[in-house]
Each structure stands twice: as structure tokens, then as C-alpha cells.
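Here is a short set of exercises to work through with the structure open beside you. Try each task before reading its solution.

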Amino acid sequence: MGHLLHDLYIVAFSMATGFTASGIIANVYLLLFPKAESGLAKTAHIGVMVFAGPSVLFGSTFKAMREHKGTAGTFWFAAAVSAYWSLVLGLIVLRIAFAL
């Protein structure tokens, strides 16, 4: 039982790390480049969204739910995708942090 709880802590911490890293990257990117207008900026936007995606996806889905523009199923699906994406991103960030 203790080993399972330890694994759940690792999953939760990795997910939180990934979502935090995603939020930081998304906010810094939006502060520096509010609009992607040129071709190079649009390409960079796609590259940044690989890392900022969980935060942006969850934020836009949450906003749609608040404004009654989406369904509960859409929200929970986006939340699950965002959580898994954050988990993978968090594992990458933690792997890099522990390697240093």
C-alpha cells in the first residue's frame, strides 16, 4: 500500500510540475509576443504550444464552460488531455532537473 501511495505522489507531483511549467511558458510567451503575425512567428507559436499547451487548453476550455459555450463532456475530455499532457511534460522537466 505504501509503494502505491508513493507512486501516486510521483504522478501528482509530475502533473503539477508539468502544468506549472506550461503556465509559466504560456504566460512568458504571451507577454513577449502577444500576436503571431509573420510566418516565422506562427511557426514559433506552434513550437511553444507544444510546451504551453496544457495550460492554454485547460484555460480556454474553462473559459468556454463559464460562458456556457461548451458541454460538460467537452470540458472533462479537455481536462483529461491537459492532465495527461501535463504529466508527460512534468516527467520531462523533472528528468532534466534531476540530471543537473
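**Exercise 1. Take stock of the fold.** Find how many helices and strands the protein has, and the order in which the elements run.

*Solution.*
- Step 1: This is a predicted model, and in it the protein has three helices and zero strands.
- Step 2: Starting at the N terminus, the order of the elements is α-α-α.
- Step 3: For the overall extent, the C-alpha trace spans about 50 × 40 × 15 Å along its principal axes.
- Step 4: The protein has 100 residues, and 24% of them are buried.
- Step 5: Turn to contacts with a separation of 6 or more: 68% of these join residues 24 or more positions apart.

**Exercise 2. Describe how α1 meets α2.** Work out whether the two helices are parallel, antiparallel, perpendicular or oblique to each other.

*Solution.*
- Step 1: Two packed helices are described by the angle between their axes and the distance between the axes.
- Step 2: For α1 and α2, the axes come within 7 Å and cross at roughly 135 degrees.
- Step 3: An angle over 145 degrees would count as roughly antiparallel, and 65 to 115 as roughly perpendicular. The angle of roughly 135 degrees fits neither range, so α1 and α2 are oblique to each other.
- Step 4: Their crossing is left-handed.
- Step 5: On the α1 side, the residues that meet α2 include Phe-19, Ile-25, Ala-26 and Tyr-29. Among their partners in α2 are His-45, Val-48, Met-49 and Ala-52.
- Step 6: Sorted by class, this contact of α1 with α2 has 12 nonpolar, five polar and no charged residues.

**Exercise 3. Locate the largest nonpolar core.** Which residues make it up, and which element gives the most to it?

*Solution.*
- Step 1: Five residues form this core: Ala-26, Tyr-29, Val-48, Met-49 and Ala-52.
- Step 2: The elements giving two or more residues to the core are α1 (2-32) and α2 (39-66).
- Step 3: The biggest share comes from α2, with three residues.
- Step 4: Now look at one member, Val-48. Setting aside neighbours within four places in sequence, Val-48 is in contact with Ile-25 and Tyr-29.

**Exercise 4. Compare the two partners of α3.** Find the angle that α3 makes with α2 and the angle that α3 makes with α1.

*Solution.*
- Step 1: Helix α3 covers residues 72-99, and its axis comes within 9 Å of that of α2, crossing at roughly 160 degrees.
- Step 2: Because angles over 145 degrees count as roughly antiparallel, α2 and α3 are roughly antiparallel to each other. The crossing of these two helices is left-handed.
- Step 3: Residues of α2 in this contact include Pro-54, Leu-57, Phe-58 and Phe-62, and those of α3 include Phe-75, Ala-78, Ser-82 and Trp-85. By class, the contact of α2 with α3 has 15 nonpolar, five polar and no charged residues.
- Step 4: Next take α1 and α3, which pack at about 90 degrees with their axes 6 Å apart. This angle lies in the range of 65 to 115 degrees, so α1 and α3 are roughly perpendicular to each other.
- Step 5: Among the residues making this contact are Val-11, Met-15 and Phe-19 of α1, together with Ser-82, Ser-86 and Leu-94 of α3. The contact of α1 with α3 counts 11 nonpolar, seven polar and no charged residues.

**Exercise 5. Judge three single residues.** Are Ser-82, Ala-80 and Ala-12 buried, exposed or partly exposed?

*Solution.*
- Step 1: Ser-82 is found in helix α3. Its relative accessible area is 2%, and the limit for buried is under 20%, so Ser-82 is buried.
- Step 2: Leaving out residues up to four places away in sequence, Ser-82 touches Phe-19, Pro-54, Leu-57 and Phe-58.
- Step 3: Ala-80 also lies in helix α3, but with 46% relative accessibility Ala-80 counts as partly exposed. Ala-80 and Ser-14 are 66 residues apart in sequence, and their C-alpha atoms are 15 Å apart in space.
- Step 4: Ala-12 belongs to helix α1, and at 44% relative accessibility Ala-12 is partly exposed. Between the C-alpha atoms of Ala-12 and Thr-61 the separation is 21 Å, and these residues are 49 apart along the chain.

Conventions:
Residues are numbered from 1 along each chain as its sequence is written. This is a predicted model: local features need pLDDT of at least 70, side-chain atom pairs count only at pLDDT 80 or more; totals for chains, interfaces and linings use all residues. Side-chain values use heavy atoms; hydrogens and water are left out. A nonpolar core is a set of buried Ala, Val, Leu, Ile, Met, Phe, Trp, Tyr and Cys residues joined through side-chain atoms within 4.5 Å. Buried means under 20% relative accessible area, exposed over 50%, partly exposed in between (1.4 Å probe, protein chains only). Helices (H or I, at least four residues) and strands (E, at least two) are DSSP runs, numbered from the N terminus. Contact means heavy atoms within 4.5 Å. Axes are lines fitted to C-alpha atoms, for helices over the stretch in contact, and angles run from 0 to 180 degrees between N-to-C directions. Angles under 35 degrees count as roughly parallel, over 145 as roughly antiparallel, 65 to 115 as roughly perpendicular and the rest as oblique. A crossing is left-handed if the near helix is turned anticlockwise from the far one by less than a right angle, and right-handed if clockwise. Ala, Val, Leu, Ile, Met, Phe, Trp, Tyr, Cys and Pro count as nonpolar, Asp, Glu, Lys and Arg as charged, and the others, Gly among them, as polar.
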